Amino acid sequence: MNVQTPAAFGHVATGSGITPGYMSGFGNGFETEALPGALPVGRNSPQKCPYGLYAEQLSGSPFTAPRTTNERSWLYRIRPTVSHWGAFKKVDNGLWRTAPAHEADLPIAPLRWDPIEIPAEPLSFIEGLRTMTTCGDAGSQAGMGAHLFFVTRSMQDEYFYNADGEMLFVPQQGELRLATEFGIIDIEPGEIAVIPRGVKIRVELLNGPARGYLCENYGGAFTLPERGPIGANCMANQRDFLTPVAAYEDRDAPSRMFVKWGGQLWACDLDHSPLDVVAWHGNYAPYKYDLRKYSPVGPILFDHADPSIFTVLTSPSETPGTANIDFVLFSDRWLVAENTFRPPWYHMNVMSEFMGLVYGVYDAKTGGGFAPGGVSLHNMMLPHGPDRDAFERASNVELKPHKLEGTLAFMFETRFPQRVTRFAAEHPAFQRSYAGYGRALEKHFDPTRP
Ligand SMILES: O=C(O)Cc1cc(O)ccc1O
Ligand SMILES: [Fe+2]
C-alpha cells in the first residue's frame, strides 16, 4: 500500500509503521497537505486542482448556519466520493440499533451491566458493535445511540462512514488506529476521538483486542460547553484537541464501502481506497482529546456541584441549556469541601444518564458492581445515588483533603429517555438485583438527636 506520509508534512515514518501527526486547536480553520502545493491557494475550486485532484466540499451544517456553528471542509482527493458509489446492498445490521428502536420493555428502574467479555471470534469494528440504548429519532436528527464496541480484527480493504450521526469513541481496553480521510488518529484508554458524520474511516487494531464505548450523536455536533463565570481557562482547553494532518492512500484493490444511512447498514464494492484525500482545509474534521488533560473545576469550600461542571463536550439542541447530549467526565481530582457529603447526592433528573467506567472506582458506587467496562443507566426521573457502602463511608469519614486517583468514569447525559435494546435486556451481564440497591440504605432518623 502506498501511504504518503512525508515527515515534512507532519508524519514520521518509523520502522514498525507510522506515527500520526496532529494539529492543535478546537474548531479551527485548519489547512494541511500531504504533498507540497496540493492545496489550491486563494480559492476552493480552481479550474484544475494541483496534481489532478478533485475538489469536494463536505458540509457538516446547513450552508446558512450562523458563523459560530457553520462547519465545512474542502477535500482535495484522487477520486470524488461519487465515484466510490456503486450498487449498494443492504447488509445485516448485526447488533447495531438506531432510534427509534422499541424492541424491549423499558423498565422503570435503575439498570446496570457487568463488563461484557470481548468475544474470541474475529470481529471488525462494524461486526463487533453492540447497541445498549437508543433515544430520540435519528431521522429527526435528535438523540443518540449508546454502544459498546469490541474489535478483534482490523478492517482490511473495508471502509465505513456513518450518515446517521457523529461518533464519539471512548476506548476502555486496547488501542485503535482510526485511519480517516483527513488523516490518522491513534487512541488508547484515557483518550477519546470524534469522527464527524459522513467522514470515511477504517478502524484498525493497534494493540488488541479492544473494547470501549461509542456515543452515536444524531443531533448537533459536539462542541465545547460555555464556561460562564469560570472564564477562559480550565475544563477542556482548546489547544489539547488534536486534528490529524493529511495522509492519503493511493491504493487500487478490491474493497468494500459500508455506510450506515437511515438506520440501515449498506455496502458496495469498490476498487480503490476512499482514504485518498491528499490535502484539505476547513473546520469540519475528526479530532482526539486526552481526558487526562481535563482540568476539573469544583467546590473549594463546601457542597457538591452539579455534574455539568465536568462537561467535556456538549451536543446542543434547539433549546438553550437543554443538551441533546452532554459528555461528562469524572476523573482524578481533589475533594476538599468542608462539612459536606462529598459523593454525588441522591437525586432525580429530567435528563437520562448512561454511565461507563474506563478504569478505577466511581465514588458513588464503592460497594462493587460498577466495574471498568461496565454500564449503568439512570433514566429520566428515576431516583438514584450512592450505594450503602458509599453513603456510610462518606457520612463518617474524616473530611481531610482527599484525592480521588486512578479513576475515569463518564456519562452520556441526554434530554431523551433511553430505551434498552433486546441485546442489553437479555444479556447475562445485566444485573438483575441492581434495581433494589436503594433498599439496603438504612434508616438513621432519630427525632431526639438534631
Ligand atoms: O448519578 C451519577 O452518578 C452522576 C452524577 C454525578 C454527580 O456528581 C452529580 C449528579 C449526577 O447525576
Ligand atoms: Fe445521576
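## A guided tour of the predicted model

Select Pro 209 as the starting point; this residue has its place in strand β16, residues 201-217. The structure on display is a predicted model. The peptide bond that leads from Gly 208 into Pro 209 is cis, with omega near 0°.

A second bond of this kind can be displayed by selecting Ala 99 and Pro 100, whose connecting peptide bond is cis, with omega near 0°. Pro 100 belongs to the loop between β8 (89-91) and β9 (111-113). Both bonds deserve a label in the viewer, because most peptide bonds are trans.

**Confidence of the model**

Colour the chain by pLDDT. The mean over the chain is 95, and 96% of the residues reach 70 or more. Residues 1-16, in contrast, have a pLDDT below 50, although this stretch makes 36 contacts in the model beyond near neighbours in sequence. Where pLDDT is low, the predicted coordinates should not be read in detail. For the complex, the predictor gives an ipTM of 0.99 and a pTM of 0.95.

**Thr 152 and its surroundings**

Return to Gly 208 and Pro 209 and select Thr 152, which is in contact with both of them. Leaving aside neighbours within four places in sequence, the contacts of Thr 152 also include Ile 118, Pro 119, Glu 121, Pro 122, Leu 123 and Gly 128. Thr 152 lies in the loop between β11 (142-151) and β12 (158-162). Is Thr 152 buried or partly exposed? With 19 other C-beta atoms within 10 Å, Thr 152 is partly exposed, because a residue counts as buried at 20 or more. To draw a distance from here, pick the C-alpha atoms of Thr 152 and Ile 18: they are separated by 21 Å, and the two residues are 134 apart along the chain.

**The loop after β16**

Next, select Cys 234 and Met 235. Cys 234 is found in the loop between β16 and β17 (241-244), and Met 235 has its place in that loop too. Which backbone angle draws attention at Cys 234? Its phi is positive, at about 75°, although Cys 234 is not a glycine. Met 235, likewise not a glycine, has a positive phi of about 55°. Most residues other than glycine have a negative phi. Cys 234 is partly exposed, with 13 other C-beta atoms within 10 Å; Met 235 is also partly exposed, with 17.

**Two annotated domains**

Colour residues 22-291 in one shade; UniProt, in an unreviewed entry, lists them as "domain: Homogentisate 1,2-dioxygenase N-terminal". This span is 0% helix and 47% strand, and its end C-alpha atoms lie 17 Å apart. Then colour residues 293-445, listed by UniProt (unreviewed entry) as "domain: Homogentisate 1,2-dioxygenase C-terminal". Here the chain is 9% helix and 30% strand, with end C-alpha atoms 43 Å apart.

**Strands around β27**

Within residues 402-414, show strand β27, which runs antiparallel to strand β24 (residues 323-335) and is joined to it by ten bridges. One pair to pick out is Arg 333, which stands opposite Leu 404 in β27. Strand β25 (residues 352-359) is also antiparallel to β27, with seven bridges between them. Select Ser 352 there to find its bridge partner in β27, Thr 414.

**Ligand 1 and the annotated binding site**

Centre the view on ligand 1. Which residues surround ligand 1? They are Pro 307, Pro 344, His 347, Asn 349, Glu 353, Ala 364, His 378, His 384 and Met 411. By class, this shell divides into four nonpolar residues, four polar and one charged.

Now select His 347, Glu 353, His 384 and His 402, where UniProt places the feature "binding site" in an unreviewed entry. These positions span 56 residues in sequence, and the farthest two C-alpha atoms are 26.2 Å apart, so they do not all gather at one spot. His 347, Glu 353 and His 384 are among the residues around ligand 1.

Compare two of the annotated histidines as the last stop. His 347 is found in the loop between β24 and β25, and this residue counts as exposed because it has 12 C-beta neighbours inside 10 Å. His 402 is found in strand β27 and is partly exposed, with 14 other C-beta atoms within 10 Å.

Methods. Residues numbered from 1 in each chain as written. Chains lettered and ligands numbered in written order. Predicted model: local features only at pLDDT ≥ 70, side-chain atom pairs only at ≥ 80, totals over all residues. Pairing = 2+ DSSP bridges. Helix = DSSP H or I, 4+ residues; strand = E, 2+ residues; numbered from the N terminus. pLDDT = per-residue confidence, 0-100. Contact = placed C-beta atoms within 7 Å. Near = placed C-beta within 6 Å. Nonpolar A, V, L, I, M, F, W, Y, C, P; charged D, E, K, R; others polar. UniProt positions renumbered as here; feature names shortened; annotations may be inferred.
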